Amino acid sequence: VTDLAWSPKDRFLASVGLDNKVIIWCGYTLDPLRRLDLHQGFVKGVCWDPVGEFLATQSDDKSVKVWRTTDWGLEATITKPFEDSPGSTFFRRLSWSPDGAHITASNAMNNNGYVFVAAVIARNEWTSDICLVGHENTVEVASYNPHIFLRDPKGDVQSANICSVVALGADDLSVSIWQTKSPRPLIVARDCFTSQIFDLSWNKEGLTLYACSADGSLGVFDFDPAELDGIVSLEEKELYLKRFGFQPPPDPFAMGVQRPQAGHHQQPGHPYGAQGYPPPVAAPPSAAAQAAAAAAMDPGPAFDKKGRKRIRPVFVGALNSALGAIPASSAPAPFGGAAPPMPSASQPVPPYGHPPAPPPSSQQAYPPYGQPAPAGGYGARPPYAANQPAPAGYPDHRYNEFDRHASSSYAPPHQPAPYGGYGDHYDADGDRAMGGYANGMGPPKRKLSEMEEESTGLNGGSARGPKARTLGGDRPRDPVGPVRELRPAVQGFGYGGHPAPSMKVKLDVPPLLSYLSVKSEEKEGDVFEAKNPEAQASEPCEVALLRNKETLFVDYPAAPVLSLVVTSTYCAAGLEGGAVNVYTMNGRRLLPTLALDSSCTFLAGSKNSLMAITASGRLHVWDVKMQKAAFTPVSLDTLITPNATITSAVVRPNGCPVITLSSGVVYSYDVDLSCFTKLSEARWAQGSDAWEGRQRDRANKAAGNRGPVASLENELPGEMQEAVNPTPYWRAALTLGHLESKLHAAEVLDSPQEYKVTLMAYARRLADEGYRAKAEELIKEMFGPMYWKAGKDETWNPTVLGWQKSDLLKDVLSTFAKSKTLAKLGQDWQDTLRRALSE
């Protein structure tokens, strides 16, 4: 499901998803009413007409469809502004203006696909002659303020004096807010997020806008009433919308309609009978019946050995006997049984109050995927008394909740359905779908981890069989005492001008401690610990992996442990003397013991990559999953000097080592170039406008979702300096050099989002400075050979970090085409690229 929207007054709920379908649900009972299946691609946006007359949806089939709510027929299909729209966006969220006059749809394009816009579609004509232009990447979401605004705050609420406020969120990491009376946006908020904006929503008062991003953060924009002048109350807006003259069917609950009595059967084939709306809920049961049902359903909480609350199984026979006191009319119809299938938009759809064609026979075979089920469900069994045994051929319902989970969720047509059947449905995690029980409630939801614990006996769960064992898991865990230093750190003698007793010890060897541990940053609750005895002759050294304080495994290495690392796939221990043990998460030896030339000074890991830097100054990187080295071990002699020592060393998931020196330079090893390369350095802070060091990034530290390149710069000791430029070209040269260095770093560190953001910043800087030659070099590098074909020319790759270079080039050329100095260059190459892509 990609989007949801409530209709005016919550009469209906619309949902859209990746099955290319639009489903309309009853707002009162949440029963499915209609399925609209005319889209030919993923449906990624939905919105309601504030008048209540129409529903609009937007899909990857590059169209916006408008549906009538009176008969759910198709009113219009709009495709023109979306013909060149990319299909790479996660969402295509559209929004209807509060005055009902326009739809603003995202992911539209102008100028044959080179200008990103939001299309404004006029009501009734369903044409788009107006666009909101300004974003430098795809518009992902549009959201109208729920209030109407007055052009002249002193005037009346007339069509000539009203306007609307709409917010746009785009993949250029910015949010813009427009007022329809002005050709320019009110504000543009840039650099608020580090990834694309996924959704926008206004509060009811219309003075607060919420924005959420793919970086996991939520932004809140507050406005003063003076900034959004002329706001109209929601009551006045409702009076204005009545001018459209649309009269929806009456609300049955407001009219006090009663449920049909016995003998007045619901009209077959229509979800709500001939009236065309849901029946009201019957009178509630008596207090005594409610108390009896509550006592049967809630026997009270149970607790395990650790004091955690458990769900106690309930015998359904007792539950049904208690619920027998409640009138049957108060229980909603089960989803797959008595309720008819959802009509489809491809079938003839009658207006309100007229029944559609009869549903198909319940005895037919399974329909194709995505088609509605038969009216009676599959294998639906006849009803029988709650406390009586099931008829012959049907399973007995008098068993407990735990056994019910073990039954199959579907049965073939020739077999009876399991208990609660009526066409039972289960969701992806094994929970029964809403409406599958006679009492309107599914089984209590249970976490997968709890079910695993109960089946395996871990964490004190009640197991059916003997409790599973882990190596060391059944022993009492001794408390950790004070940590003692058994041996001080060994200082490296390879550099610094001192005589070297052993040239093998160039870097400091960590101290030997009685206890050390490391927590997993990738899997919460995992702790890898080691214990070194004070007298090695009396006790062995020990390593253990704990998960939520439960021991998964324990091992006894042959030497004291100096360093540890744990990821989501393995854990490793660096031993004194140079050995490294690598384990799976259950304690199996993933690799044979690695014998290095000296003890590890640094040991780091990420995903399946493991890195070690030995005291002799050699760098090792392995892929533990593939069980091979990433490259031949290399010496760090070219990096380490008397004035530069290693301050930190980590490895990326792709196996790229990242080594930071005290001199303020970050290095990595490039296998293709067979040498170390600089990823970043503190000198860029002396004049680069693109520097993201501590001075500039202090206000954004709360975000906590920086990419690897930005994180490196944030840790460097350099500070942004405002010194006098030595030459007129000093700042421009450092900025361009810094951006080019960041492009290489993003590629090495496998950071596609940072690569795109840096590329666009680099293109804007070239356009601002007017460096035509550099810009043309960049264009040709991304365009590639004019007659390139896959498999014939391996010197050029059409993708970089998963991005198609042609898509990136579109954005770059759009930036150049809008500049003053490179406009002609950008427009010429736009034509060339368009012809190349069409061929």
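Strands 5, 6, 7 and 8 make up an open sheet, lined up in the order 5-6-7-8 and paired antiparallel. Strand 5 (43–48) and strand 8 (74–78) sit at its edges, each pairing on one side only. If you fit axes through neighbouring strands here, they come out turned by 20 degrees against each other on average, direction ignored. Keep in mind as you rotate the view that this is a predicted model.

Now zoom in on the middle of that sheet. Strand 6 (residues 54–59) and strand 7 (residues 63–68) run antiparallel and are joined by six bridges. To get your bearings on the register, pick threonine 57: its bridge partner in strand 7 is lysine 65. As background, strands of a sheet pair through backbone hydrogen bonds, either parallel or antiparallel.

Step back towards the N terminus and there is another open sheet, with four strands in the order 1-2-3-4 and antiparallel pairing. Strand 1 (3–6) and strand 4 (32–36) each have a single partner strand, so one side of each is left without a neighbour in the sheet. The average turn between neighbouring strands of this sheet is 20 degrees, again with direction ignored. Inside it, strand 2 (residues 12–16) pairs with strand 3 (residues 22–26) over five bridges, in the antiparallel sense. A handy marker for this pairing is phenylalanine 12, which has cysteine 26 in strand 3 as its bridge partner.

How do these pieces fit into the whole chain? The chain counts 13 helices and 44 strands. It has 839 residues, and 47% of them count as buried. Looking at contacts with a separation of 6 or more, 51% are between residues 24 or more positions apart. The accessible surface of the chain is about 42,200 Å², with 54% of that belonging to carbon and sulfur atoms.

Next, follow the chain along to strand 33 (residues 594–595), where you'll find alanine 595. Is alanine 595 buried or exposed? Its relative accessibility is 73%, and the cut-off for exposed is over 50%, so alanine 595 counts as exposed. For a distance check, the C-alpha atoms of alanine 595 and glycine 577 are separated by 8.6 Å, with the two residues 18 apart along the chain.

Then there's the helical part further along. The largest nonpolar core has 41 residues, and Leu759, Val812 and Phe816 are the ones touching the most other members. Six helices each supply at least two residues of this core: helix 8 (708–715), helix 9 (730–748), helix 10 (752–769), helix 11 (772–783), helix 12 (805–817) and helix 13 (823–838). Helix 10 gives the most, with seven residues. Phenylalanine 816 is a good place to park the camera: leaving aside neighbours within four places in sequence, it is in contact with Ala763, Leu766, Ala767, Ala775, Ile779, Leu822, Ala823 and Gly826. A second, separate core has 22 residues, including Phe602, Ile613, Leu636 and Val651.

One of the core's helices deserves its own look. Helix 9 has 19 residues and reaches 27 Å from its first C-alpha to its last, close to the 27 Å expected at 1.5 Å a residue. In general, an α-helix has 3.6 residues a turn, so residues three or four places apart point the same way. After helix 9 comes aspartate 750, whose phi is positive, near 60 degrees.

Methods: Residues are numbered from 1 along each chain as its sequence is written. This is a predicted model: local features need pLDDT of at least 70, side-chain atom pairs count only at pLDDT 80 or more; totals for chains, interfaces and linings use all residues. Side-chain values use heavy atoms; hydrogens and water are left out. Two strands pair if DSSP finds at least two bridges between them. Axes are lines fitted to C-alpha atoms, for helices over the stretch in contact, and angles run from 0 to 180 degrees between N-to-C directions. Buried means under 20% relative accessible area, exposed over 50%, partly exposed in between (1.4 Å probe, protein chains only). Contact means heavy atoms within 4.5 Å. Accessible areas come from the Shrake-Rupley method with a 1.4 Å probe; for residues, only the protein chains shown count as cover. A nonpolar core is a set of buried Ala, Val, Leu, Ile, Met, Phe, Trp, Tyr and Cys residues joined through side-chain atoms within 4.5 Å. The expected span of a helix is 1.5 Å times one less than its number of residues.
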